[in-house]
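Colleague: Take me through one part of this model in close detail, please: the aromatic rings, and whatever turns up around them. Go slowly, I have it open on my screen.

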Amino acid sequence: MSTDRSISAPMVEKSGQLYVCTEDHHVYCLDRLRGTVIWDFIARGPVTTQPQIVNNRCYLSTVAGTVYCLNARTGITEWESPESYAFIAKTENYIVTADRLGNMLLLSLDATGTKAKVAARLPLKSFKFKVANGLTDRIYLVSSQGQTLCLRERGNSLPKFFRNA
């Protein structure tokens with residue numbers, strides 16, 4: 001594979017697939033062993049953060065301020081959230097994102113799983129660092145003074161680890 005643009009975010013490898021973002025708004029999924037392109041997605045803005053792969057979904061955050069959810073195997077867009085600026089985590093019932101103002105958004109999906117809507121907007125602006133977590137259902141927030149929160153859904157006392165086989 002060759003591209004005319006530089007890589008714009010850290011690459012991620014899951015289940016033999018390599019996800020690569022380039023400055024020209026492309027996200028490529030490559031077969032790690034063959035180096036062939038499995039799919040190519042064009043976002044409406046540069047993707048400058050590492051894609052998060054959770055339960056065979058590829059979550060992308062763009063500088064333009066949209067979070068996309070793609071099928072990690074096919075690259076087909078399942079939904080997008082123009083209100084969201086950055087992916088944070090996936091819990092049992094929500095997709096957690098942040099908006100441009102620093103609020104935390106809890107997104108819920110419609111019955112078809114193709115439309116995300118804001119179920120709650122939490123004013124957590126004082127926690128400047130919202131750590132993207134594609135490994136577990138935990139939400140990590142850090143203030144500029146170093147205070148760290150680890151949030152979870154009620155009833156889930158043990159972390160749920162995601163398998164991406």
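Modeller: Start with Trp 39, which is buried at a relative accessible area of 6%. Keep in mind that this is a predicted model. Tyr 19 is buried too, with a relative accessible area of 1%. Both values fall under 20%, the cut-off for calling a residue buried.

So what do these rings do with each other? The structure has four aromatic pairs. One of them joins Tyr 19 and Trp 39, tilted, at 6.0 Å centre to centre with 55 degrees between the planes. Tyr 19 belongs to strand β2 (residues 17–21) and Trp 39 to strand β4 (residues 37–42), so this pair ties together parts that lie 20 residues apart in sequence. Now go to Tyr 59 and Trp 79: they make a tilted pair as well, with 6.1 Å between centres and 55 degrees between planes. This one also links distant parts of the chain, since Tyr 59 sits in strand β6 and Trp 79 in strand β8 (residues 77–81), 20 residues apart. Tyr 59 counts as buried at 4% relative accessibility, and Trp 79 does so at 3%.

Let me stay with the first pair for a moment and look at the sheet behind it. β2 and β4 belong to an open sheet of four strands, in the order β1-β2-β3-β4 and with antiparallel pairing. At its edges are β1 (12–14) and β4, each of which pairs on one side only; β4, remember, is the strand that holds Trp 39. Neighbouring strands here are turned by 20 degrees against each other on average, direction ignored. Tyr 19's strand, β2, pairs with strand β3 (residues 26–31) in the antiparallel sense over five bridges. Look for Leu 18, whose bridge partner in β3 is Leu 30. If you're following side chains along a strand, in a regular one they alternate between the two faces of the sheet.

Back to the second pair, which has company: Tyr 59, Trp 79 and Phe 87 form one aromatic cluster. Phe 87 is a good place to turn off towards the largest pocket. That pocket holds about 170 Å³ of space. It is lined by 13 residues, and those closest to its centre are Thr 49, Ser 61, Tyr 85, Ala 86 and Phe 87. β6 (57–61) and β9 (86–90) each give at least two residues to the lining. By class, the lining comes out as six nonpolar, six polar and one charged residues.

Follow β9 away from the pocket and you enter another open sheet, four strands in the order β9-β10-β11-β12 with antiparallel pairing. β9 and β12 (116–122) are at the edges with a single partner strand each, so one side of each has no neighbour in the sheet. From one strand to the next the twist averages 30 degrees.

Now go across it strand by strand. β9 runs antiparallel to strand β10 (residues 95–98), and four bridges join them. Ala 86, which we met by the pocket centre, has Ala 98 as its bridge partner in β10. Next, β10 pairs with β11 in the antiparallel sense, again over four bridges, and there Val 96 stands opposite Leu 106. These two strands form a hairpin with five residues between them, and Gly 102 in the turn has a positive phi of about 95 degrees. β11 itself is mostly covered, with five of its six residues buried.

Last step: strand β11 (residues 104–109) and β12 pair in the antiparallel sense over six bridges. Ser 108 stands opposite Lys 117 of β12. These two make a hairpin as well, this time with six residues between them, and Gly 113 in its turn has a positive phi of about 75 degrees. That takes you from the cluster of Tyr 59, Trp 79 and Phe 87 out to β12, one of the edge strands of that sheet.

Technical notes:
Residues numbered from 1 in each chain as written. Predicted model: local features only at pLDDT ≥ 70, side-chain atom pairs only at ≥ 80, totals over all residues. Heavy atoms only, no water. 1 Å grid on protein atoms, 1.4 Å probe; cavity = no way out; pocket = protein on both sides within 12 Å on 5 of 7 lines; lining within 4 Å. Points joined across faces, edges and corners; volume = space filled by probe spheres on them. Nonpolar A, V, L, I, M, F, W, Y, C, P; charged D, E, K, R; others polar. Phe/Tyr/Trp six-rings, centres within 6.5 Å; stacked < 30°, edge-to-face > 60°. Buried < 20%, exposed > 50% of the residue type's maximum accessible area, 1.4 Å probe, protein only. Pairing = 2+ DSSP bridges. Axes fitted to C-alpha atoms, helices over the stretch in contact; angles between N-to-C directions.
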